[in-house]
Amino acid sequence: MVLKTGAGVLADRRRLPTALRAVLGYYADTGVFDAASLSLKSEIDDRTEAMVDDVTDRIEDALEDEFGRPVDFSYDTKLILPAQLTLGYVYRKARQQAPGDPVIDTIADGVPKVDETALEQGPAQDLAPREMVVRAEQMTRLSIEALIDGDMRDAINDDEFEDFEVEFEAGEGNPSKGHGERSEPWSGSEADRRRAAEVAQSALQSHLDGLLADMPPVVESAYQWAVDYSEAHQDRDDHFRELMTAAENGDEDAKTAIRDEYKFAEYDEEPATLTETEKELPYSKTQYARVGVLYDGMLDLYRLAGLDIDEEFAKAIVLAIIGAQVWLDDVDDYDDDRAEGQLTPVTAEYLLAPDDEAAYRRVVDVTEQYLDLAKTYATAADSPLTGVAVEYIYRSGDPDVLPGKPE
């Protein structure tokens with residue numbers, strides 16, 4: 001008890017690195033301290049970075065072909081964290097079952113074998129630890145590509161190109177694209193930035209389509225189901241913007257509609273993972289459709305590869321990513337979202353609450369409901385790496401940028 005209390009005190013010291021505070025905070029809350037998870041995180045970071053590098057190499061080839069000279073490309077995204085945690089989850093399970101280490105230096109590529117009945121009936125067979133690792137690595141590659149592809153699509157649709165970092169090597173380069181067409185040189189204009197983003201996304205989509213074509217249709221169907229579910233929510237964006245504008249102007253009916261249709265909306269299609277407990281959380285339906293469903297779909301891909309993904313682990317992932325979206329992105333973007341009429345759980349609370357202090361407290365409370373429950377499920381799933389990641393999300397947030405902080 002004394003150790004847990006001391007860990008909690010240290011976790012609240014902002015001068016310490018956030019990663020260390022997350023480990024201490026998770027231990028203080030749950031009593032779980034797993035030293036192996038620290039080395040596992042480093043291992044997973046290195047191996048998924050190599051997977052992302054493979055994606056980047058393909059994009060750089062496409063950009064060089066388009067613009068006629070070598071290029072360094074990078075894309076800033078935080079969306080692959082759930083894929084990293086899932087790979088770590090499988091590594092941990094495989095190592096617990098193996099006499100030796102089933103994870104070798106070479107990272108598996110290609111497409112995994114698919115168990116087409118897995119979503120309805122569970123895994124058809126018990127996989128050997130090494131086979132678990134191979135299929136998890138193959139599916140993590142696919143998942144990373146799918147997640148980055150989806151994020152790039154959203155960025156292009158929203159005319160947001162700052163995360164597409166393009167740096168060409170000095171020199172004029174080759175003006176020919178190689179097919180009788182003449183490439184236009186890079187000027188750094190908005191049109192060029194869009195052009196580079198579209199080339200990057202197209203190269204990624206082409207490779208992803210090729211992978212899916214080599215797998216049974218059930219895999220693409222599972223992936224597409226999640227995309228369609230999310231896009232149906234995006235199609236209501238203009239409606240929610242109209243409600244927000246009306247609410248800003250004091251329309252009480254609009255505030256009631258935000259409460260009923262956005263904060264406490266009822267599910268019209270059952271979520272794959274969530275139970276009544278999670279469905280009753282504020283903003284559950286809209287935020288599940290906004291981001292959570294994409295990770296539900298991602299986990300189904302691992303299940304189709306014959307991997308046994310625990311329901312508690314799945315709920316931890318979905319709740320953590322919703323909490324991260326609110327606590328990190330929506331909090332940080334509050335001023336811009338309010339000015340641009342973008343309805344999020346954060347802007348919604350500042351419309352619905354009686355004053356700024358109440359709104360501030362509600363944002364913190366909503367976030368903690370999601371992240372606390374995510375931590376509980378991570379512990380139940382024996383995934384301390386995920387529990388520490390949830391704690392890291394919480395301790396990385398800065399709600400003090402919001403108005404109404406209590407004195």
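User: What makes a stretch count as a helix or a strand in this predicted model?

Analyst: A helix is a DSSP run of H or I with at least four residues, and a strand is a run of E with at least two. By that rule, the protein has 17 helices and two strands.

User: Why is the radius of gyration said to agree with a compact globule?

Analyst: Because a compact globule of 407 residues would come out near 22 Å, and the protein has 22 Å. As for outer dimensions, the C-alpha atoms fill a box of roughly 65 × 60 × 45 Å along the principal axes.

User: What share of the residues is buried?

Analyst: Buried means under 20% relative accessible area, and 51% of the 407 residues fall in that class.

User: What makes a space a cavity, and how many are there of 30 Å³ or more?

Analyst: A 1.4 Å probe has to fit there but be unable to get out. Two cavities of 30 Å³ or more turn up by this rule. The largest has a volume of about 60 Å³, and the second largest holds about 40 Å³.

User: How do you know which residues line the largest one?

Analyst: A lining residue has an atom within 4 Å of a cavity point. V23, Y26, V32, F33, D34, S37, L38, P384 and V388 line the largest cavity. Two or more of its lining residues come from each of α2 (18-30), α3 (35-67) and α17 (384-396).

User: And what classes line the second largest cavity?

Analyst: Seven nonpolar, no polar and no charged residues. They are L81, P82, L85, I317, A320, I321 and I393, with α4 (81-97) and α13 (311-332) each giving two or more. Leu, Pro, Ile and Ala count as nonpolar, so the class fits.

Definitions and conventions: Residues are numbered from 1 along each chain as its sequence is written. This is a predicted model: local features need pLDDT of at least 70, side-chain atom pairs count only at pLDDT 80 or more; totals for chains, interfaces and linings use all residues. Side-chain values use heavy atoms; hydrogens and water are left out. On a 1 Å grid over the protein atoms alone, a cavity is a set of points where a 1.4 Å probe fits but cannot get out, and a pocket is an open set with protein on both sides within 12 Å along at least five of seven lines; lining residues have an atom within 4 Å of a point. Grid points are joined across faces, edges and corners, and a volume is the space filled by probe spheres set on the points. The radius of gyration is taken over C-alpha atoms; the globule rule is 2.2 Å times the number of residues to the power 0.38. Buried means under 20% relative accessible area, exposed over 50%, partly exposed in between (1.4 Å probe, protein chains only).
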